[in-house]
Amino acid sequence: EQLLVASSSGTGAAALRSDDQSMFLKTTRARVYCNMTWTILFSHLYMDDASTTSSGNDKKGIQEESLKIASEYAGLALQIYDGIVQMQREQSAEGGNGNGYGNSNININSNSKQHEFRVSMGRALALVACCYASAGSAVTAEGLFQSALDELQVSSFSSPSSSNSNHKNPLTAIDARSGLVYYSQLCGNWEKRDADQAKHQDLALDVDGRLVDAWKGKSSIYSGLFFMSLGDL
């Protein structure tokens with residue numbers, strides 16, 4: 001009822017809350033799409049050894065129809081993040097506050113929130129890359145993985161001189177570690193890419209080693225189950 005009070009201050013507060021909610025809902029939806037993609041691509045690795053696909057193949061396989069659905073979910077997540085970036089650019093061009101959401105106080109250009117937003121987008125890119133890799137499009141997958149690693153800002157987790165602010169959220173570190181693991185697996189499926197595989201495996205272990213004990217070795221699905229991970233929403 002308070003939101004319906006017809007006063008200038010009340011209207012402004014309601015608009016502010018509406019913008020904040022819009023950002024929260026969009027980023028949450030994107031993380032849900034990523035979770036659905038991850039579940040289709042990787043959940044079978046955690047099933048009982050007796051699990052097989054309906055075609056009777058080894059449990060590590062993924063059916064074509066399932067891969068198509070996973071790709072759609074990953075694409076939807078990426079569309080949301082791209083949309084936020086586009087709105088941010090338009091807002092900045094119009095002389096707004098540059099956060100892409102009108103009066104919202106959720107400014108993704110602040111250091112900590114920009115870092116976490118980029119890592120979230122990197123997670124979506126990495127999952128899209130995984131879909132291409134599963135479909136046998138290794139070259140396209142590698143390009144996407146490289147873009148994902150840029151967004152995941154891997155160096156900020158492994159460099160001793162990096163800001164401690166990037167290590168406060170273990171969920172972003174899990175996303176960065178997973179991107180490295182996925183890329184190393186792609187390299188492992190190519191001839192003469194053993195050095196690249198080892199390099200990214202070592203980086204993934206380094207990122208994991210910097211996590212507090214409670215988060216070390218946790219599955220990447222954990223990052224997507226915490227929807228408040230984009231800043232301090």
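1. Surface. In this predicted model, about 12400 Å² of the chain is exposed, and carbon and sulfur atoms account for 51% of that area. Of the 233 residues in the chain, 43% are buried.

2. Secondary structure. The chain contains 8 helices and 0 strands, and its order along the sequence is accordingly written α-α-α-α-α-α-α-α. Among contacts between residues at least 6 apart in sequence, 69% join residues at least 24 apart.

3. Nonpolar core. The largest nonpolar core comprises 49 residues; Leu41, Phe42, Phe145 and Tyr182 are the members that touch the most others. At least two core residues come from each of α1 (8–42), α2 (64–93), α3 (111–134), α4 (138–152), α6 and α7 (194–209). Helix α3 makes the largest contribution to this core, with 11 residues. As a general point, nonpolar side chains in soluble globular proteins tend to be buried together.

4. Surroundings of Phe145. Which residues does Phe145 contact once its neighbours within four places in sequence are left aside? The partners are Ala126, Ala129, Cys130, Gly179, Tyr182, Tyr183 and Leu186. One of these, Tyr182, is itself listed with Phe145 among the core residues that touch the most other members.

5. Helix α6. This helix spans residues 170–188, and its 19 residues cover 27 Å from the first C-alpha to the last, close to the 27 Å expected at 1.5 Å a residue. Helix α6 is mostly covered, with 16 of its 19 residues buried. It also belongs to the helices that each supply at least two residues of the largest nonpolar core.

Terms used
Residues numbered from 1 in each chain as written. Predicted model: local features only at pLDDT ≥ 70, side-chain atom pairs only at ≥ 80, totals over all residues. Heavy atoms only, no water. Helix = DSSP H or I, 4+ residues; strand = E, 2+ residues; numbered from the N terminus. Expected span 1.5 Å × (residues − 1). Buried < 20%, exposed > 50% of the residue type's maximum accessible area, 1.4 Å probe, protein only. Core = buried A, V, L, I, M, F, W, Y, C linked by side-chain atoms within 4.5 Å. Contact = heavy atoms within 4.5 Å. Areas by Shrake-Rupley, 256 points an atom, 1.4 Å probe, with all protein chains shown as cover.
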